Amino acid sequence: MLRGAALKILIAHDVPCDPDSGAAGTVYQISKAFKELGHDVENIWSSDLPHRIKHGNLHYLMELPGAYVKAIKKRIKQGREYDVIQISQPHCFLPAKYVKEHLPDTVLVHKSHGLELNAVSSLKPFTEKEGVDQRNLPRKCLSKVMGVLLAKHSHLAAKYCDGTLVASAMDRDFAVEELGIKPERVKYIPHGVSNVLLAGPAVEYTAERHKKILYVGQFAFLKGPLILARTMNEVLGQKPEITMTWVCDRVHHDAARAMLDPAVLDRVDFLPWMSQEELMKVYDEHGIFLFPSFYEGAGKTSLEAMSRGLCVISSSVGGMKDYIRHGENGFLEKPGDADAFIRRTLELLDDFPLARRISKAAAETAKAYTWRRHAEESVEFYTKLLKIKRG
């Protein structure tokens with residue numbers, strides 16, 4: 001492979017081929033961007049991998065590492081050759097070991113959307129504070145054992161992978177300081193915004209948009225739904241003219257509703273996952289975006305919201321720390337501090353001129369975060385790793 005030549009890339013992740021979901025959408029967009037740059041890209045999706053073990057962590061521990069190796073071996077036997085194999089989970093340690101031993105001209109890159117061990121470390125004080133672990137003692141012990149084994153995967157991936165790609169400076173620092181990865185073998189590259197959302201300018205920030213608050217994300221503890229609900233209960237209680245939209249998987253709508261005060265429920269609309277085109281319309285109708293995660297690797301939806309001119313109030317974690325400049329193009333608050341989110345939201349609702357300035361700056365910032373840029377910087381990193389491996 002010469003500098004500037006097309007690379008042969010194999011991207012594997014245990015997710016479906018779905019451009020509109022979280023991790024799957026990220027893998028889809030990255031693969032598409034590589035192809036648009038002229039690289040030869042193949043994918044291994046969840047449909048290409050066995051799922052005989054239904055329990056998620058047991059699947060990761062006992063089935064997925066070997067499944068990745070078998071899928072790669074199958075393609076090699078078919079005569080496929082790759083410059084780069086990129087796998088999006090630390091369970092790539094086994095294929096990384098295989099590549100190191102049998103494919104001297106190929107680099108294997110661990111692509112992380114959020115380092116698992118950093119997530120565990122970041123969440124621990126909040127799970128203890130909120131008392132969310134209601135499992136009995138046997139299940140806690142089993143989970144602890146699985147946690148130790150899964151942590152070992154992360155350390156083995158750090159040992160055997162040629163390089164590690166992360167989506168935030170926070171995860172890059174963790175990879176170097178806690179996992180012991182050499183700085184030259186880890187790269188922070190921010191995620192991008194889809195071309196759908198960047199195709200046209202953000203709509204004008206109006207007084208009508210300003211009255212509408214939005215959240216888009218998984219209904220999972222690390223996303224801080226407790227903080228979101230506490231914030232909305234207080235804000236909607238004080239501001240009867242304000243409404244809110246909560247976008248998450250439909251199966252979690254009842255659980256989300258149960259977190260809200262009955263007095264404000266009639267002003268909260270729950271929407272399911274949707275296509276990027278439909279989501280853009282939702283973004284364009286709202287003015288303030290709340291994102292109170294305890295931990296994030298990238299925080300992609302907050303960047304999407306910025307691209308459509310929303311004023312983002314976010315936890316100071318993950319990718320948000322990298323692209324939000326507090327008070328200029330958004331706001332960063334201490335994770336887990338519901339009072340800070342309440343105070344900031346109320347202050348912003350009372351300052352429409354500030355919201356308009358934030359909206360304009362946010363949309364301008366997001367223009368730089370394209371998947372093409374992500375792919376170009378990834379190729380630079382691959383090229384450096386290939387030079388190291390091939391001497």
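**Colleague's note: strands, helices and packing**

1. Let's start with one pair of residues: L10 has E42 as its bridge partner in β2. Strands here are DSSP runs of E with at least two residues, helices are DSSP runs of H or I with at least four, and both are numbered from the N terminus. L10 belongs to a parallel pairing, in which β1 and β2 (residues 40–44) share 5 bridges. Two strands pair if DSSP finds at least two bridges between them.

2. A word on what you're looking at. The model is predicted: local features need pLDDT of at least 70, side-chain atom pairs count only at pLDDT 80 or more, and totals for chains, interfaces and linings use all residues. Residues are numbered from 1 along each chain as its sequence is written, and side-chain values use heavy atoms, with hydrogens and water left out.

3. Stay with L10 for a moment, as it also stands opposite I85 in β3. That fits the parallel pairing of β1 (residues 8–12) with β3, which are joined by 4 bridges. On the other pairing of β3, β4 (residues 107–111) runs parallel to it over 4 bridges, and Q86 faces V109 in β4. In general, strands of a sheet pair through backbone hydrogen bonds, either parallel or antiparallel.

4. How much of β1 is buried? Quite a bit: 4 of its 5 residues. "Buried" means under 20% relative accessible area, "exposed" is over 50%, and "partly exposed" sits in between, with a 1.4 Å probe and protein chains only. Strand β3 (residues 84–87) is covered on both faces, with V84 and Q86 buried on one side and I85 and I87 buried on the other. As a reminder, side chains in a regular strand alternate between the two faces of the sheet.

5. Now for an open sheet of 6 strands, in the order β9-β8-β7-β10-β11-β12 with parallel pairing. The edges belong to β9 (268–271) and β12 (331–333); each has a single partner strand, so one side of each lacks a neighbour in the sheet. From one strand to the next, the twist averages 20°.

6. Zoom in on one pair from that sheet: β7 (residues 212–216) and β8 (residues 243–247) run parallel over 5 bridges, and L214 has T245 as its bridge partner in β8. Helix α12 (residues 300–307) packs on the sheet, where it touches β7, β10 (288–291) and β11 (311–315), and its direction makes about 170° with that of β10. Helix α14 (residues 338–349) lies across β7, β10, β11 and β12, at about 170° to β11. Axes are lines fitted to C-alpha atoms, for helices over the stretch in contact, and angles run from 0 to 180 degrees between N-to-C directions.

7. Which residues does R344 of α14 touch, leaving aside neighbours within four places in sequence? They are I313, H326, F331 and E333. Contact means heavy atoms within 4.5 Å.

8. A256 is worth clicking on too. It sits in helix α10 (residues 253–258) and is buried, with a relative accessible area of 0%. Neighbours within four places in sequence aside, A256 is in contact with F219, W246 and F270.

9. Two helix pairs make a nice exercise in angles. The axes of α2 (residues 56–77) and α3 (residues 93–102) come within 7 Å and cross at roughly 40°, and these helices are therefore oblique to each other. Helices α1 (residues 22–36) and α16 (residues 371–390) pack at about 75° with axes 8 Å apart, which makes them roughly perpendicular. Under 35 degrees counts as roughly parallel, over 145 as roughly antiparallel, 65 to 115 as roughly perpendicular, and the rest as oblique. Among the residues that meet are Y68 and V69 of α2 with L94 and Y98 of α3.

10. Finally, step back. The protein comes to 16 helices and 12 strands. Its radius of gyration is 21 Å, close to the 21 Å of the globule rule for 391 residues, so it is as compact as a globular protein of that length. The radius is taken over C-alpha atoms, and the rule is 2.2 Å times the number of residues to the power 0.38. Of the 391 residues, 54% count as buried.
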